[in-house]
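Please look over the structure below before reading on. The questions after it ask how certain descriptions are reached.

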Amino acid sequence: MAFRQVLSNADVLDVSCCLEEGGTKYVAFSNCGEETNRLQISVSDGRRVWSKDYDEAALMECKEPGTVATLDAFLSELKSEFLPGRAKLYVLPQQVNLIMSANVRFELPEVTVHRSHVLLQECVVGIAAKADRLSVELVATKRRVSDLEQLRRDPPQGAASSSTSALYEPELKKKNPGPKMKRQQGRSLLNPSSRKRKAASGVVFDED
């Protein structure tokens, strides 16, 4: 399987997160170059860009030894780090260090002005495309929620009403056990259909 397909399956392409360092806001983002077929990890403050391309071998070298053993596990951890508040950034004179976790570290050099324009364009387009996808998913989710609320307010006759009744019937029986049956006078407590038998009195003999 091509490395780009592996990255796509792991959903680590076109991911981004915002960071702040020294009062300046930055955005970290990833992409995969069409020509290089490598994972691009980039950071920008909107004017300057720091970036580096990684193939599979170079990417695995960014983790601490003895941590995640497979590429799939590494990419899964990397994706979870592109969340608000997870990554840290250290800005140095010639590079930035992007610390995605205690186990993942990217050292990114600053790129040329021309290269920064290309990467910023890719970043903007990628974020816009992701926003479009999320908007479509949000509309679909709202529609499903609205349909469920409508179904709850106006359930169809028959199956829905009977299933609702069946759902609450045990609870209703607990709250309303029904009228208590009165035991008729002279009837047996264990077998109400039969009368109680009088206790035998025996035969009384006269004493001479």
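The following turns set values for this predicted model against the definitions behind them.

In this predicted model, local features need pLDDT of at least 70, side-chain atom pairs count only at pLDDT 80 or more, and totals for chains, interfaces and linings use all residues. Residues are numbered from 1 along each chain as its sequence is written, and side-chain values use heavy atoms, with hydrogens and water left out.

Q: What makes up the secondary structure of the protein chain?
A: Five helices and seven strands make it up. Helices (H or I, at least four residues) and strands (E, at least two) are DSSP runs, numbered from the N terminus. Along the sequence the pattern is α-β-β-β-β-α-α-β-β-β-α-α.

Q: Why is Asp 11 called partly exposed?
A: Buried means under 20% relative accessible area and exposed over 50%, with partly exposed in between (1.4 Å probe, protein chains only). Asp 11 has a relative accessible area of 39%, so it is partly exposed. Asp 11 lies in the loop between helix 1 (3-9) and strand 1 (16-21).

Q: Why does Asp 14 count as partly exposed?
A: The relative accessibility of Asp 14 is 30%, so it counts as partly exposed. Asp 14 is also in the loop between helix 1 and strand 1.

Q: What is notable about phi in Asp 11?
A: Most residues other than glycine have a negative phi. Asp 11 is not a glycine, yet its phi is positive, about 60 degrees. Asp 14, another residue other than glycine, has a positive phi near 60 degrees.

Q: Why is strand 2 described as largely enclosed by the rest of the structure?
A: Seven of the nine residues of strand 2 (residues 24-32) are buried, so the description applies.

Q: How do you know that strand 1 and strand 2 pair?
A: Two strands pair if DSSP finds at least two bridges between them. Strand 1 and strand 2 have six bridges, in the antiparallel sense, so they pair. Glu 20 stands opposite Lys 25 in strand 2. Two residues lie between the strands of this hairpin, where Gly 22 takes a positive phi near 60 degrees.

Q: What joins strand 2 to strand 3?
A: Six bridges join these strands, which run antiparallel. Val 27 stands opposite Ser 44 in strand 3.

Q: How do you know that strand 3 and strand 4 pair?
A: Strand 3 (residues 39-44) and strand 4 (residues 49-54) have six bridges, so the requirement for pairing is met. Their sense is antiparallel, and the bridge partner of Ser 42 is Ser 51 in strand 4. This hairpin has four residues between its strands, and Gly 46 in the turn has a positive phi of about 100 degrees.
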